[in-house]
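Colleague: I have a model open and want to go through it with you. Can we start with one contact and work outwards?

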Amino acid sequence: MADFDWETRFDLKTQVGDYEVSTVDLGINYQFDDSLPPLYYETMIFKIEDGKVNFSELYCDRYSTEEEARKGHEEAIKYVKEHLKEEKWKQK
């Protein structure tokens, strides 16, 4: 991770209805147990309220590789489409 650059880091954002799925390169290893694989990437789901992202996350998962992070991002999008959007309609 010596070549990490905040300006060019891996950063995916997808809006699905009233939610944002965000997957980023954290820039450091968030695995604090040396016996486990490193965790450099993170996917979170946030609610969009009044046109702004509410940064109280609804979901968080971390990954070792960019490939895992991309897959996790797609799975989080699928989760929002299948579960969270349904909850939105139930609240009305």
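Modeller: Fine. This is a predicted model. In it, the side chain of D25 comes to 2.9 Å from the backbone nitrogen of G27.

Colleague: Where is D25 found, in terms of strands?

Modeller: D25 belongs to strand β2.

Colleague: Is D25 buried or exposed?

Modeller: D25 has a relative accessible area of 7%, and the cut-off for buried is under 20%, so D25 counts as buried.

Colleague: And the rest of β2, how many of its residues are buried?

Modeller: 7 of the 7 residues in β2 are buried. One side carries Y19, V21, T23 and D25, the other carries E20, S22 and V24, and both faces are covered. In a regular strand, side chains alternate between the two faces of the sheet.

Colleague: What does β2 pair with?

Modeller: β2 is joined to β1 by 6 bridges, and the two run antiparallel. With strand β3, residues 41–49, β2 shares 7 bridges, and that pair is antiparallel as well.

Colleague: Which residues in β3 are the bridge partners of T23 and V24?

Modeller: T23 is partnered by T43 in β3, and V24 by E42 in β3.

Colleague: And on the β1 side, what stands opposite Y19?

Modeller: V16 stands opposite Y19. β1 and β2 form a hairpin with 2 residues between them. G17, in that turn, has a positive phi of about 60°.

Colleague: Now the whole sheet. What is the strand order?

Modeller: The order is β1-β2-β3-β4, in an open sheet of 4 strands with antiparallel pairing. β1, residues 11–16, and β4 are at the edges; each has a single partner strand, so one side of each has no neighbour in the sheet. From one strand to the next, the twist averages 20°.

Colleague: What pattern does the protein follow along the sequence?

Modeller: The pattern is β-β-β-β-α, with 1 helix and 4 strands in the protein.

Colleague: Changing topic: which residues make up the largest nonpolar core?

Modeller: That core has 8 residues: V16, Y19, V21, I45, A76, I77, V80 and L84. The elements giving two or more residues to this core are β2, residues 19–25, and α1, residues 66–91. α1 gives the most, with 4 residues.

Colleague: Is there a second core?

Modeller: There is a separate core of 5 residues, including F10, Y40, Y41 and A69. In soluble globular proteins, nonpolar side chains tend to be buried together.

Colleague: Back to β4. Is K52 buried or exposed?

Modeller: K52 lies in strand β4, residues 52–63. Its relative accessible area is 61%, and exposed means over 50%, so K52 is exposed.

Colleague: How far is K52 from D18?

Modeller: K52 and D18 are 9.7 Å apart, C-alpha to C-alpha, and 34 residues apart in sequence.

Colleague: Some totals, then. What percentage of the residues counts as buried?

Modeller: 33% of the 92 residues count as buried. The protein exposes about 6,400 Å², and carbon and sulfur atoms supply 47% of that area.

Colleague: And the contacts, for residues at least 6 apart in sequence?

Modeller: Among those contacts, 45% join residues at least 24 apart.

Definitions and conventions. Residues are numbered from 1 along each chain as its sequence is written. This is a predicted model: local features need pLDDT of at least 70, side-chain atom pairs count only at pLDDT 80 or more; totals for chains, interfaces and linings use all residues. Side-chain values use heavy atoms; hydrogens and water are left out. Buried means under 20% relative accessible area, exposed over 50%, partly exposed in between (1.4 Å probe, protein chains only). A nonpolar core is a set of buried Ala, Val, Leu, Ile, Met, Phe, Trp, Tyr and Cys residues joined through side-chain atoms within 4.5 Å. Two strands pair if DSSP finds at least two bridges between them. Axes are lines fitted to C-alpha atoms, for helices over the stretch in contact, and angles run from 0 to 180 degrees between N-to-C directions. Contact means heavy atoms within 4.5 Å. Accessible areas come from the Shrake-Rupley method with a 1.4 Å probe; for residues, only the protein chains shown count as cover. A polar contact is a pair of N or O atoms within 3.5 Å; within protein, one must be able to donate a hydrogen and the other to accept it, and residues adjacent in sequence count only if both atoms are side-chain atoms.
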